[in-house]
Amino acid sequence: MEALFALLVGALFTVSIYLFLSKHIIRILMGAAILGNAVNLLIFTAGRVTREVPPIIPPEFDVPQSVVANPLPQALILTAIVISFSFFAFLLVLGYRAYQDLETDDSDEMRVAEPVDDVPPPLGY
Amino acid sequence: MAITSEPLKDLSVAMVTEPVTMAQWLLIAPVVWCLLVGAVLLMLRKHTWLQPLIAIPALAVLCLLDGLLLAHVMVSGPLTMTMGSWLPPFGISFTTDSLGALFALTSALVALAAGVFGRTDVDDTGRRYGFYPFVLLMMAGVSGAFLTGDIFNLYVWFEVLLIASFGLLVLGSERAQLDGGAKYAFLNLIATTLFLVATGYLYGLFGTLNMADIIVKAPELRSSAPLMTLVTLYLLAFGMKAAAFPVNFWLPASYHTPRLVVSALFAGLLTKVGIYALLRTLVMLFPFERTGLADIIAIVAAATMLSGVIGALAQNDIRRSLGFLIISGIGVMLAGLALGSAAGLSGTVFYAVHSMVVMAALYFAVGLAARINGGFTLSAGGGIYQAHAGLAFVTLALFFSVAGLPPFSGLWPKVILVKASLDVGAWWLAAAILVTGILTTVTVGRIWALAYWRPAPVDDLTRSASEHDAEPPQPVRLPRGAIAALAGLLLLTTAFGVWPEPLIRLSQDAAIGLLDPSAYVLSVFPGEVPR
């Protein structure tokens, strides 16, 4: 099961890195969305996939009696989902505002902060 | 793994009934305080006159809290508070030693200076956009990152400070800000995601996220687990956050775009959080793997400091020059990390404290100079010395400090680092630090000569009309609060330079705490036998 998930994580990372290599902000945004999901699945798999055994401890014992689903990675993923969702929302707005103001979503043409025709510093006093 | 199959021996130890001490509350206080004040300021967003009146005293209180925390840690060693009194590693621990407390105090001082400076630098629009709430929330993230003892929690604080920094960066939504902000946001998102990937793997290997627990478990896992891969991922992720050479292009693309006080805050705080995280993970958690990566880190350090300063030399815009100087400083800090000796690490810690103070102060000084001649470019600059000799001298002092000239604070960490490099025979690393120093002197010397010392160019149309008069120009009135903020930071860097012993001792203490974390582990697990 873990091996299958590992392959899926790898595939998701491949897709997101491919999208990140694009010049267009909209594709990079999609890459960011997929990257967040890839990492969540990675944490889930790293916490070992155990099916259909809820972490319930019988009243007479102190610890679970069999291998049960690990709740901690799920808590981690929940945190990561919230964070990556809020980041994605911010990035969407930022990308859209940049598109409105800079009139391009091509990162090669976004040269307002670092102009191409920047003058060199004076050579003499 | 995370599930223990053998029953616990004695469950009664898990029943913690003793109350949490005041000192332990002090550990969590900086974060709670910042979040609380940040929330209040967010609600009072529309009362722009009230914002600085609340935020500046609040930042002063934050300095006080961090100062008390540092004093406590210096007297009685590392301090731990585990949330909900769960036994570690089950509860999330906040643990700090002198390294975390020292960085937290310095960052609070820089934030206080920025708060005071921002009173005159950020107008009503900026305040309505939420300058002060963002500063407080960012400080919550920065303090949390410095004080936490749990690696996933460190990730969360990274995200808190990052999202607040996004808000600060695009404050005003100018075109250049949106451009710089987009690059900053995407590249930092990748860096924190890499951090999260590494943390996911770490949990899969260790079954724990508590740093002290990782220290205890690392030696037995080392033979079977791919720790080197993990540590390389951490090096890449935090190197990206710290703006280390080949992954630092987000910094010069964005740091000159926001309001000046925001640039100053970022310059002071954000990259140093990356350095702090590198020290924690590479030195304290995985010292063995750091030794394996030492050569790579050393090459990266030399490349970072040299490429940074050469970049600074090539800029016409002073703010962009300063951005590259931050990178150059990061290279010097990485040199200490590459050496890994107590001396090298103490040099890194000292340099980080110096850099936080000086880089923020430099942005303040450049911002005040821009009020006089209205620009940041070298080609059209000049006339600051005529208009305001005091500011020109203050800037010169800061330039000396950043270049590592006496009597300011830049000298000592470089001395320590050069000596530490020569001690292990890394002559080329020492040479890189010295060459960087010379090139930095050239860079800042040229900025001072062109933008401060030379008379204002006569044909410059951007100058104000009053300076065209034949009579000598009147001294320009600069806002008092801004001068106070700048003077405070200048005083700090001069004090560190003239009387460095306390800070050297403190940074040595921090370095020894990193190299031998038994006190750190004991503070989290009382009674545990350290490795």
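## Reading a predicted two-chain model

Modeller: This is a predicted model. In chain B the mean pLDDT is 87, and 94% of the residues reach 70 or more.

Colleague: Where in chain B is the pLDDT below 50?

Modeller: Over residues 1–5 of chain B. That stretch still has 10 contacts in the model beyond near neighbours in sequence. Where pLDDT is low, the predicted coordinates should not be read in detail.

Colleague: What ipTM and pTM does the model score?

Modeller: The ipTM is 0.92, and the pTM is 0.92 as well.

Colleague: Now the folds. How many helices and strands are in chain B?

Modeller: Chain B has 21 helices and 2 strands.

Colleague: And which elements does chain A have?

Modeller: From the N terminus on, chain A runs α-α-α. That is 3 helices and 0 strands.

Colleague: How do I read the radius of gyration of chain A against the globule rule?

Modeller: Set the chain's value beside the value the rule gives for its number of residues. For the 125 residues of chain A the rule gives 14 Å. Chain A has 23 Å, well over that, so it is more spread out than a compact globule. Its C-alpha atoms fill a box of roughly 85 × 30 × 30 Å along the principal axes.

Colleague: What does the radius of gyration say about chain B?

Modeller: Chain B has 531 residues, and a compact globule of that length would come near 24 Å. The value for chain B is 23 Å, which agrees. The C-alpha trace of chain B spans about 90 × 55 × 40 Å along its principal axes.

Colleague: How do I read burial in each chain?

Modeller: Take the share of residues that count as buried. In chain B, buried residues make up 63% of the 531. In chain A, 26% of the 125 residues count as buried.

Colleague: And contacts between residues that lie apart in sequence?

Modeller: Start with contacts that have a separation of 6 or more. In chain B, 81% of these join residues 24 or more positions apart. In chain A, 57% join residues at least 24 apart.

Colleague: How many residues of chain B are in contact with chain A?

Modeller: 42 residues of chain B touch 42 residues of chain A. On the chain B side, the elements giving two or more residues are helices H6 (151–169), H7 (175–206), H10 (250–254) and H18 (427–453). The largest share, 17 residues, comes from H7(B).

Colleague: Which classes of residue make up that side of chain B?

Modeller: There are 26 nonpolar, 12 polar and 4 charged residues.

Definitions and conventions
Residues numbered from 1 in each chain as written. Chains lettered and ligands numbered in written order. Predicted model: local features only at pLDDT ≥ 70, side-chain atom pairs only at ≥ 80, totals over all residues. Helix = DSSP H or I, 4+ residues; strand = E, 2+ residues; numbered from the N terminus. Rg over C-alpha atoms; globule rule 2.2 N^0.38 Å. Buried ≥ 20, exposed ≤ 12 C-beta atoms within 10 Å, placed from the backbone. Contact = placed C-beta atoms within 7 Å. pLDDT = per-residue confidence, 0-100. Nonpolar A, V, L, I, M, F, W, Y, C, P; charged D, E, K, R; others polar.
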